[in-house]
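Here is my note on the two-chain question you raised, set out as numbered points. Please read it beside the sequence and the coordinates.

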Amino acid sequence: MMNSLHRCCQRSALLLHVARRCWSSSSASPPPLHTRLLLFLTQRFYDVEMLLSWRSQLTRNQLQKKNAYYGYTQRFYGLDIASAYFILSLKGGFRFAGQSEWFYADQKGKFSWDFLNHKDTPLEEVDMSYTVINYRGLCNLESQRSLRTLKLRGCPEVDDWFLARLHVFQDSLEELDISHCPRITTGGLAALRNLKGLKRLDVSSLPGISSPGLVIILLEEMLPQCQITATGYDYNLNEAEGEEEEEHMQRQR
Amino acid sequence: MSAWRRLRVKLRSVPGFLVSIRPTQRHTSPYGRLTLCRSLSTGSHLRNEFFKDLEAQLAAFRKKAADALPGSSWSPLQINPNLPPERADIVIVGGGVVGWSIAYWLKQKEMVRGGVRVVVVEKDPTYSQASTVLSAGGIRQQFSLLENIHLSLASADFMRNINEHLGLLNEDPVDLQFNQSGYLFLANEEVAHIMEENYSTQRYAGAKVSLLSPTQLKQKFPWVNTDGVVLASYGLENEGWFDPWTLLNAFRRKAISMGVIQCYGEVTDFKCTTNVLRTSSGDTVDLKRIGSVKVQMPNSLEYQPVECAIVVNAAGAFSGKLTEMLGIGSGPKDSIAGIPLPVEPRKRYVYVVHCPDGPGLDTPFLIDYSGVYFRREGLGGNYIAGVSPEEAEEPDTSNLEVDHQFFEERVWPGLAHRVPAFEKLKVTSAWAGFYDYNTFDQNGIIGIHPLINNMYLATGFSGHGLQHSPAVGRAVAELILDGNFKTIDLSNFSFRRILTQEPMLEKNIV
């Protein structure tokens with residue numbers, strides 16, 4: 001329990017760092033000084049532009065390497081061990097079907113190799129919260145057709161295309177947690193249509209969806225047997241804020 | 001005395017003016033608030049304006065001095081800045097999504113910075129008649145031709161990684177608003193076998209499609225009336241719809257940042273050199289080579305001849321007119337020069353309807369075997385619907401006026417039959433757009449024209465241009481820069497099939 005809390009704190013730091021990555025000027029606060037200086041230089045010098053594009057290319061390449069297809073592992077150890085190894089390399093956790101203990105990797109990435117003892121046992125529950133799994137990495141999990149629980153809380157690379165690919169688990173998936181994922185939008189939530197066996201869905205605090213109240217209602221209509229948890233949204237009407245501002249201005253006059 | 005005081009106050013308010021001023025008493029009004037009294041004398045008013053003008057005049061003086069010095073680009077002959085450059089390597093005629101996609105990929109594939117000079121010429125800066133922005137914006141892999149399926153898969157891959165391709169360092173990430181809802185095709189008894197064949201082709205090519213029986217269909221989508229439906233084909237992944245204007249602007253922004261020159265003007269003429277060859281049977285063949293393109297500025301008689309090496313015809317619905325300027329189609333009937341480019345504009349209507357009890361978030365892009373289609377638009381119970389008209393009742397293409405009678409006669413009955421909830425709906429809006437309709441076989445024409453050595457065609461997609469645009473752009477860039485197709489082999493889409501009269505027809509159910 002303490003172990004998972006500690007991991008959550010580490011993951012939130014990672015999330016903040018990753019979220020600051022895109023230098024959009026529409027974000028709440030202006031970017032810090034060194035970022036603004038780099039942007040200024042990028043617009044004037046080809047070299048700076050090239051260096052910065054190389055840097056972003058490098059981070060992308062590293063991400064894709066982490067999410068590569070574990071072909072050799074699959075060939076030598078089988079599909080289930082390959083999926084398990086992939087999850088542990090990305091610092092996630094899983095539980096085999098028929099077993100009750102969870103296999104986790106700690107913050108440094110170290111994990112015990114006991115999972116190798118369970119050959120040819122499919123995975124039942126997978127916890128990839130706060131990892132950098134993306135669409136490409138999902139190909140390593142596609143073989144687990146009896147997956148029941150998938151936790152993707154706070155994953156910065158999980159987007160709509162990832163959700164659309166979850167259709168491979170349409171028969172078996174019962175619980176899905178995609179809260180706090182910054183890249184999911186309403187279009188991706190429409191893809192959850194295919195998960196007909198879904199019983200519990202957590203869509204709390206998704207910053208990407210524009211009108212959360214309406215979307216949650218439509219989701220509930222779309223998945224009637226599913227219990228949907230959606231906390232962390234501010235359902236206050238915007239008109240209330242406008243009225244407060246008017247009162248404030250009148251008092252000033 | 002008070003006039004002096006007022007003057008001193010005015011002088012003090014001018015910044016940077018060095019005058020030692022004793023602190024004067026400010027006027028206070030009976031209400032306890034400070035007011036600076038306005039003087040009515042004209043002397044200080046003019047002096048104030050002089051100082052305000054001084055800054056502007058100093059700036060103008062600096063600019064004039066910089067222009068006079070050597071190294072500046074000032075010339076006494078005022079040139080219109082909107083004219084295209086006098087020489088370019090590749091001129092892309094047509095600034096729609098296909099044209100800008102080709103421009104982006106040309107710049108992406110050039111080996112050195114500034115390797116090819118690309119100019120994109122677009123006739124209408126408002127894009128009021130362009131097919132791109134008037135499209136319903138769907139993408140699907142459910143075709144019967146392998147090339148089309150591969151083009152759609154590649155385009156979906158591109159859109160998934162769109163920020164990797166079209167992202168700029170100092171701009172917001174591109175948000176296509178892609179709805180991953182999939183396409184749903186419904187087939188009756190007569191066409192069910194075609195659907196099954198297509199399904200196996202699509203699975204072979206790697207598209208994620210599933211077949212549904214009527215009971216499964218009813219279970220998945222309870223609002224559908226499965227009357228007459230024998231088989232349904234549902235796309236699970238990489239299918240849906242998105243915002244075409246965002247894609248166009250993303251391509252445009254990235255291409256311009258890589259050095260593509262955008263020009264608003266109309267191509268009115270070509271200057272070619274003709275090589276007259278004689279065949280073995282004694283007939284002459286004119287092989288043309290375009291030397292320069294005459295670009296006329298909008299609403300003006302001004303024009304600029306652009307010398308170019310290669311011209312790409314991505315003009316969409318108006319590509320036929322462009323090739324007519326070169327004499328294609330006006331030769332003797334039984335020669336190659338007598339075969340015109342079989343692309344013409346066809347008008348299609350799109351109606352926006354509002355139905356409060358309609359299907360919810362999971363509505364796919366439903367296409368019925370009768371040709372009626374609809375998809376969800378937004379979250380407020382709005383839908384976009386339409387139908388392809390029969391050959392006999394093709395509407396007039398001289399304008400983009402909408403025929404509302406068409407909705408009542410052709411679209412609404414089909415909609416209401418397929419989805420009973422649509423019996424109560426209200427048409428809120430409608431628009432019309434052109435298909436660049438290929439009258440020969442309704443598939444794209446990609447490749448060099450046999451009689452014009454340096455004109456590449458990328459047109460005639462008949463409604464699929466938007467969804468294939470990233471992959472087609474890459475294919476044309478490969479043709480131009482590498483000489484041949486490298487990723488997807490589209491040699492079956494060349495102009496040759498029109499010469500040999502071998503149509504590549506889509507065996508679709510609609």
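The points below take up the basis of the model, its cores, one helix and the salt bridges.

1. This is a predicted model, in which local features need pLDDT of at least 70 and side-chain atom pairs count only at pLDDT 80 or more, whereas totals for chains, interfaces and linings use all residues. Residues are numbered from 1 along each chain as its sequence is written, chains are lettered from A in the order in which they are written, and side-chain values use heavy atoms, without hydrogens or water.

2. The largest nonpolar core (buried Ala, Val, Leu, Ile, Met, Phe, Trp, Tyr and Cys residues joined through side-chain atoms within 4.5 Å) has 56 residues, and B:I92, B:W100 and B:I102 have the most contacts inside it. Leaving aside residues up to four places away in sequence, B:W100 touches residues including B:V120, B:Y127, B:L248 and B:F251, where contact means heavy atoms within 4.5 Å. A second, separate core of 54 residues includes A:I81, A:L90, A:F115 and A:L198.

3. In helix α6 of chain B (residues 192-205), the end C-alpha atoms are 20 Å apart, which agrees with the 20 Å expected for 14 residues at 1.5 Å a residue, the expected span being 1.5 Å times one less than the number of residues. Helices here are DSSP runs of H or I with at least four residues, and strands are runs of E with at least two. B:A192, B:I194, B:M195, B:N198, B:Q202 and B:A205 are buried in α6(B), buried meaning under 20% relative accessible area, exposed over 50% and partly exposed in between, with a 1.4 Å probe and protein chains only. They cover an arc of only 145° around the axis, which puts them on the same side of α6(B); the arc is taken from the directions from the helix axis to the C-beta atoms. These buried residues pack against α4, β4, β5 and β6 of chain B.

4. Counting a side-chain nitrogen of Lys or Arg within 4 Å of a carboxyl oxygen of Asp or Glu as a salt bridge, there are 23 over all chains. One of them joins A:R193 to B:D362, with the closest N and O atoms 2.6 Å apart, and this pair crosses between chains. A:R193 is buried at 9% relative accessible area, and B:D362 is buried at 7%.

5. Within chain B, B:D368 forms a salt bridge with B:R418 at 3.1 Å. B:D368 lies in the loop between β14 and β15 and B:R418 in helix α10, so the pair ties together parts that are 50 residues apart in sequence.
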